[in-house]
Amino acid sequence: MLLGSETMTRYRLRGAPIIHDTIDNETIAINQLTGAYYSIDGPGALVWQLLRDGATPTELVERLSGSFDSDRATIEAAVTAFIDELTTEELIVGEAAAHDGHDDGAARDSSLPSRSPLAQL
């Protein structure tokens, strides 16, 4: 559930070595160091775009609640899980972790599960 300071955290898409593009509601992200390839579609692609625009987790839930028939608790859980996945894969970083504007995190050689938590919305 999105509670406390986590709701106000802003995430940003990680820059190099991650490149990405969105075409026809599918986002493709590639880690140029590891060659890991990520395909994000459906609600996940919308979340990616909203994160790119600076949305907080609470704002993501509000937007998805207005676009999908799932209840708010289901959407909150899916958004939280998806943000956790994106963070674990180092595709996004929280603003607190990126205070100097430079991310030195090591890239991971893995991919998101084929069924994102958002796919169930």
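## Working through a predicted model

In residues 97–115 the pLDDT (the predictor's confidence in each residue, from 0 to 100) stays under 50, and the model has 38 contacts beyond four places in sequence for them; contact means heavy atoms within 4.5 Å. This is a predicted model, where local features need pLDDT of at least 70, side-chain atom pairs count only at pLDDT 80 or more, and totals for chains, interfaces and linings use all residues. Numbering runs from 1 along each chain as its sequence is written, and side-chain values use heavy atoms, with hydrogens and water left out.

**Exercise 1.** Work out which element has the lowest mean pLDDT and which the highest.

*Solution.* Start with the chain: its average pLDDT is 78, and 72% of the residues score at least 70. Next, take the elements, which are DSSP runs numbered from the N terminus (helices: H or I, at least four residues; strands: E, at least two). Strand 1 comes lowest at 85, and helix 3 highest at 93.

**Exercise 2.** Find the backbone oddities in the loops, and say whether Asp 24 and Glu 90 are buried or exposed.

*Solution.* Keep the background in mind: most residues other than glycine have a negative phi, and most peptide bonds are trans.

- Step 1: Ala 16 and Pro 17 are joined by a cis peptide bond, omega about 15°. Pro 17 sits in the loop between strand 1 (11–13) and strand 2 (18–23).
- Step 2: Asp 24 isn't a glycine, yet its phi is positive, about 50°. Its loop runs between strand 2 and strand 3 (26–31). Asp 24 is exposed because its relative accessibility is 76%; the cut-offs are under 20% relative accessible area for buried, over 50% for exposed, and partly exposed in between (1.4 Å probe, protein chains only).
- Step 3: Glu 90 also has a positive phi, near 60°, in the loop between helix 3 (72–88) and strand 5 (92–94). At 16% relative accessible area, Glu 90 is buried.

**Exercise 3.** Trace what Arg 10 touches.

*Solution.* First, place it: Arg 10 is in the segment before strand 1 and, at 34% relative accessible area, is partly exposed. Then look across the fold: Arg 10 and Val 93 are 83 residues apart in sequence but 8.5 Å apart in space, C-alpha to C-alpha. Leaving aside neighbours within four places in sequence, the contacts of Arg 10 include Gly 54, Thr 56, Glu 59 and Val 93. Finally, the side chains of Arg 10 and Glu 59 make a polar contact at 3.2 Å (a pair of N or O atoms within 3.5 Å; within protein, one must be able to donate a hydrogen and the other to accept it, and residues adjacent in sequence count only if both atoms are side-chain atoms).
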